[in-house]
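Hi there,

Here is the structure I promised to pass on to you. Have a look at it first, and then read my notes below.

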Amino acid sequence: MGRYLLRRGLAALLVILGVITIIFLVVRVIPGDPASVLLGTFATPELLAEQRAKMGLDRPLVTQYGLFVRQALLGDWGRSYHEGKDAFPLVVERLPATMELAAASIVLSTMLSFVLGSIAARWVQSPVDQAIGTLSLIGQAIPNFWLGLVLILIFARRLHWLPSFGRDTFWHLVLPTVTLSVQFIGVMTRLIRAGILETMGQDFVRTARAKGVAEAAVLAHHVYRNMMIPVITMLGLQLGALFGGVVVLETVFAWPGLGRLIVTAINNRDYPVVQAAVTFAALAVVLLNVLVDVAYAYLDPRIRYA
Amino acid sequence: MSGDASTLSARPAEPEVRASRPITATRKGRRVVVTGIAVVFVTLVGLLGPAVVPYNPLEVRLEERLKPPGSALSDGRVVWFGTDQLGRDLVGQVIHGARVSILVAASTVVIAGSTGTALGLLAGYYGGAIDTVLMGLVDLQLAFPPLLLAILIAAMIGPSVGNVILTLSVIRWAVFARLVRGSVLSLREKEFVEAARALGARHARVMARHILRNILTPIVILATLQIALQMLAEAALSFLGLGIPYPLPSWGVTISQGRDYLNNAWWIATIPGAVMTITVLCVGLFGDAVRDYLDPRFGY
């Protein structure tokens, strides 16, 4: 396990460096001059040159990259143009809200997709299976920001059952979590159903049944344990999509997390905050992926020694 | 794909033609046809609709604002989807939105698909340093949440139709590159590739005529499945104000504006989204049908 942790940790570090590199490439290499953005309409050629020198933009790209990585690792993400505070603490402050929403959605959607996927696989090709299949396709096709608005319209504005925006009580978490989970459930249900069906056809399942293991035990000990690998892999891949969804939905539900910070900062042209917040959201995905992998390697020795 | 004599000829490896059985002979084939018709219909409405439904995004008719679906305007015209906060007909907006959505989704899949295919082909065929560098980039990009990357790029380059296409192409090439590289690796060592090389075919020719032709199926399948994803991504960007710039009609923009009128004009936000869901669903069903028809084992 120790060696696996080390290997996985090193891989994660590489990915983190990669994330920072992508941010650097997008921010510095795409046409457009951060210095002139910062100065806005006040830019004179002299001021611009001075600002560029101050930001290190007149140095070679490789030097800039080195500086960028160093500052990123030291937590120096520049100051918010808009709020006049350091970008880093602004972002850290927002992280818990986003993680709360993401975690709630992961839990809800994983549980529901297991139930739905198992039902569909148990009665495969039946009307129930087909209904679940259709629903999960629709779930993947619905634009989540629109679904959010529709749920707000129904449950908050018309029925007055749930609050429509903000982060205060448990009830505030319900609508955003459900909205965020719908797409995820669609993807995962199909995957889990396929995983169960594939594993059911394996020799070891037949053997287990032949030696008289009860069907429930066959499912729990033989089928589920063995179909988890593709499911966990997919879960990891979907985390990225989930975070994309969080960014959009936080705007819909006025949820005070990273996503809302990103959108507000973009509207204010507050680029240091945009950079820091996007980096953090991406890092959160990387770290969650590591957690998922490690948890699974702990449960399944085959992963550790692969 | 065995190394028999026919594959050694100058015109190699035509994709295996299924016996003359019509596509409608099987259930899977019929699904492709039915869903395909739905997709063609939506595309035609998007392309031709503007010619049929008069709609000017800049025309403001405040006296007709916030009319519910099905009501008649002062000139006797019936607005089936209602009007928005500026008195514009939502049918027109939805159709123009479909047009933008299809344009963006199709062009980004073509751009990302061909770039990714070319790079994946190079990486898989040559291996070595090219492979290491390109696949390193692919891994990096796949580790980055795609919509987040799109938001970052779009924020930096500003909203415009061209920029949306650029942004959404950038976030999807890696998926194609990885798929193509994997397929190339398994083909590269086949006898017919070796034979083509032995006959003196240059690398470019081998890649284009012998390898690419044999991996078109998974590429087509992936491309069809990606179109629905790109439609959703475009709408999300536009909803956040980072995609199609106002006043160009786009589903995301219309829904975002309807947000402020949820209490007194529910139709502005809900109807375009419902149309969009149905469209994306049709495209998704078509993608699934194509996958099941061409290769039942192909997983994405």
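**Starting from one alanine**

Let's begin in helix H12 of chain A, where you will find Ala284(A). Please keep in mind as you read that this is a predicted model. Is Ala284(A) buried, partly exposed or exposed? The cut-off for buried is 20 or more other C-beta atoms within 10 Å. Ala284(A) has 19 C-beta neighbours inside 10 Å, so this residue counts as partly exposed.

Which residues does Ala284(A) touch, once its neighbours within four places in sequence are left aside? They are Met99(A) and Phe243(A). For a sense of distance, try Gln130(A), which sits 154 residues from Ala284(A) along the chain. The C-alpha atoms of these two residues are separated by 36 Å.

**The helix pair around it**

Met99(A) belongs to helix H5 of chain A, and Ala284(A) is part of the contact between H5(A) and H12(A). H5(A) covers residues 87-122 and H12(A) covers residues 271-299. Their axes come within 9 Å and cross at roughly 40°. That angle is why H5(A) is called oblique to H12(A). The crossing itself is right-handed.

On the H5(A) side, the residues making the contact are Ala87(A), Phe88(A), Leu90(A), Val91(A), Leu95(A) and Met99(A). H12(A) brings Pro272(A), Val273(A), Ala276(A), Ala277(A), Phe280(A) and Ala284(A). Can you guess how the residues of this contact divide into nonpolar, polar and charged, and how many fall in each class? There are twelve nonpolar residues, with no polar and no charged ones.

**Across to chain B**

Phe243(A), the other partner of Ala284(A), also takes part in a contact between the chains, where helix H10 of chain A meets helix H4 of chain B. H10(A) runs over residues 215-252, and its axis comes within 6 Å of the axis of H4(B). These two axes cross at roughly 50°, and that makes H10(A) oblique to H4(B). From H10(A), the contact uses Gly240(A), Phe243(A), Gly244(A) and Val247(A). From H4(B), it uses Pro146(B), Leu147(B), Leu148(B) and Ile151(B). By class, that gives six nonpolar, two polar and no charged residues.

Now for the whole contact between the chains: chain B gives 34 residues and chain A gives 37. On the chain B side, the elements with two or more residues in the contact are helices H3 (128-143), H4 (146-157), H9 (216-239) and H11 (267-294). This side of chain B has 28 nonpolar, five polar and one charged residues.

**A walk through chain B**

Chain B has eleven helices and two strands. Along the sequence, one helix is followed by the two strands, and then the rest are helices. The C-alpha trace spans about 75 × 50 × 30 Å along its principal axes. Of its 300 residues, 47% count as buried. Among contacts in chain B with a separation of 6 or more, 71% are between residues 24 or more positions apart.

A good residue to click on is Gly46(B), in helix H1 (residues 27-52) of chain B. Gly46(B) counts as buried because it has 20 C-beta neighbours inside 10 Å. Beyond four places in sequence, Gly46(B) is in contact with Ile95(B), Ala98(B), Arg99(B) and Ile102(B).

Another pair to look at is H9(B) and H10(B), whose axes are 7 Å apart at an angle of about 45°. These helices are therefore oblique to each other, and their crossing is right-handed. Among the residues that meet here are Glu234(B) and Phe239(B) in H9(B), and Trp251(B) and Ile255(B) in H10(B). The contact divides into seven nonpolar, three polar and one charged residues.

**How confident is the prediction?**

The model scores ipTM 0.84 and pTM 0.85. Chain A has a mean pLDDT of 84, and 94% of its residues reach 70 or more. Within chain A, helix H2 (residues 34-39) has the lowest mean, 67, and helix H6 (residues 127-141) the highest, 91. Chain B averages 83, with 91% of the residues scoring at least 70. Take care with residues 1-12 of chain B, where pLDDT stays under 50.

Enjoy exploring!

Technical notes. Residues numbered from 1 in each chain as written. Chains lettered and ligands numbered in written order. Predicted model: local features only at pLDDT ≥ 70, side-chain atom pairs only at ≥ 80, totals over all residues. Axes fitted to C-alpha atoms, helices over the stretch in contact; angles between N-to-C directions. Helix = DSSP H or I, 4+ residues; strand = E, 2+ residues; numbered from the N terminus. Parallel < 35°, antiparallel > 145°, perpendicular 65-115°, else oblique. Left-handed = near helix turned anticlockwise from the far one by under 90°. Contact = placed C-beta atoms within 7 Å. Nonpolar A, V, L, I, M, F, W, Y, C, P; charged D, E, K, R; others polar. pLDDT = per-residue confidence, 0-100. Buried ≥ 20, exposed ≤ 12 C-beta atoms within 10 Å, placed from the backbone.
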